[in-house]
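Could you show me around this structure? I have it open in a viewer and would like to know what to select next and what is there.

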Amino acid sequence: MLLTSALAVMAAQTGTTRAAGIHDHLRKAAEYLKANDPNSAVKEFDAVLALDPKNAEAFANLGVIAFFLHNYKNASQYLRSALAIDPSLAKTQALLGICERKLGQPSAQALLEKSFPGLKDKNLQIQVGMELASIYDQQGNLDRTASVMRSLVDLDPDNVEILYM
């Protein structure tokens, strides 16, 4: 009985230590990102995944870093891993859609369509909308192109990129 209690206390302490380590690595990664040091941030996110292989935040952030480095293949893999753990990540889904579009994958359209209406980040919503409008235009679907473009003009009526697409 005493041994069981001791093991339970040790397990709780290990869990607390692990959670503190994860939090510390995430904090350091955020600091590195603010300092524009993505390589050090990647090491911190990798350390998070070593402690918690199902950490959607770490996978999503690794995907974002790869995305901004134009490494769309790796970004796509990280973003898919994040979404497998937490499918509610709208920004992650949108970035995956953009990656898939850059990689020429037909799955891009569905990802972009699903994420577009729920995005709160104006710039990302514009980027996703522009990708969708381009897809619809290439398909010759003028009604859907016009619908997305109307949404984008409503979102940002002074955006020259939108007005001249």
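Here is a short tour, stop by stop, with a selection to make at each one.

**Before you start**

You are looking at a predicted model, where local features need pLDDT of at least 70 and side-chain atom pairs count only at pLDDT 80 or more, while totals for chains, interfaces and linings use all residues. Residues are numbered from 1 along each chain as its sequence is written, and side-chain values use heavy atoms, with hydrogens and water left out.

**Stop 1: the first helix and a charged network**

Select residues 2-34, which make up helix α1. Helices here are DSSP runs (H or I, at least four residues), numbered from the N terminus. R27 lies in this helix, so pick it out along with D24, K28 and E31: the four are linked in a network of salt bridges. A salt bridge means a side-chain nitrogen of Lys or Arg within 4 Å of a carboxyl oxygen of Asp or Glu. R27 is partly exposed, with 37% relative accessibility; the scale used is buried for under 20% relative accessible area, exposed for over 50% and partly exposed in between, with a 1.4 Å probe and protein chains only.

To get a sense of distance, add A146 to your selection. Its C-alpha atom is separated by 43 Å from that of R27, and the two residues are 119 apart along the chain.

**Stop 2: two residues with a positive phi**

Now go to N36, in the loop between α1 and α2 (38-51). Its phi is positive, about 60°, although N36 is not a glycine. Most residues other than glycine have a negative phi. Is N36 buried or exposed? N36 is exposed, at a relative accessible area of 66%.

Then select H70, in the loop between α3 and α4. H70 is not a glycine either, and has a positive phi of about 65°. This residue is exposed too, with a relative accessible area of 58%.

**Stop 3: helices around α5**

Select helix α4 (residues 72-85) and helix α5 (residues 90-102). At what angle do they pack? The angle is about 145°, and the axes are 9 Å apart. Axes are lines fitted to C-alpha atoms, for helices over the stretch in contact, and angles run from 0 to 180 degrees between N-to-C directions. The crossing of α4 and α5 is left-handed, which means that the near helix is turned anticlockwise from the far one by less than a right angle. To see what meets here, show side chains in both helices: residues of α4 including Y72, L79 and L83 meet residues of α5, among them L95, L96 and C99. Contact means heavy atoms within 4.5 Å.

Keep α5 selected and add helix α3 (residues 56-68). α3 and α5 pack at about 35°, with their axes 11 Å apart, and their crossing is left-handed as well. On the α3 side the contact is made by A60, V64 and F67, and on the α5 side by T92, L95, I98 and C99.

**Stop 4: salt bridges that link parts of the chain**

How many salt bridges does the structure hold? There are eight. Side chains of opposite charge can pair when their charged atoms come close.

- K91 and D121: their closest N and O atoms are 4.0 Å apart. K91 lies in helix α5 and D121 in the loop between α6 (108-115) and α7 (122-138), so the pair ties together parts 30 residues apart in sequence. K91 is partly exposed at 49%, and D121 is partly exposed at 29%.
- E113 and R144: this salt bridge is 3.1 Å, N to O. E113 is in helix α6 and R144 in helix α8 (residues 142-155), 31 residues apart.
- K122 and D156: the closest N and O atoms are 4.0 Å apart. K122 belongs to helix α7 and D156 to the loop between α8 and α9, 34 residues apart. K122 counts as partly exposed at 38%, whereas D156 counts as buried at 16%.

**Stop 5: a nonpolar patch**

Finish by selecting V160, L163 and Y164, which form a nonpolar patch on the surface with about 360 Å² of accessible area together. Patches are made of residues with over 30% relative accessible area and no salt bridge; like charges are joined within 9 Å, and nonpolar side chains (Val, Leu, Ile, Met, Phe, Trp, Tyr) within 5 Å. Accessible areas come from the Shrake-Rupley method with a 1.4 Å probe, and for residues only the protein chains shown count as cover. Y164 is found in the segment after α9 (160-163), and is exposed, with a relative accessible area of 69%.
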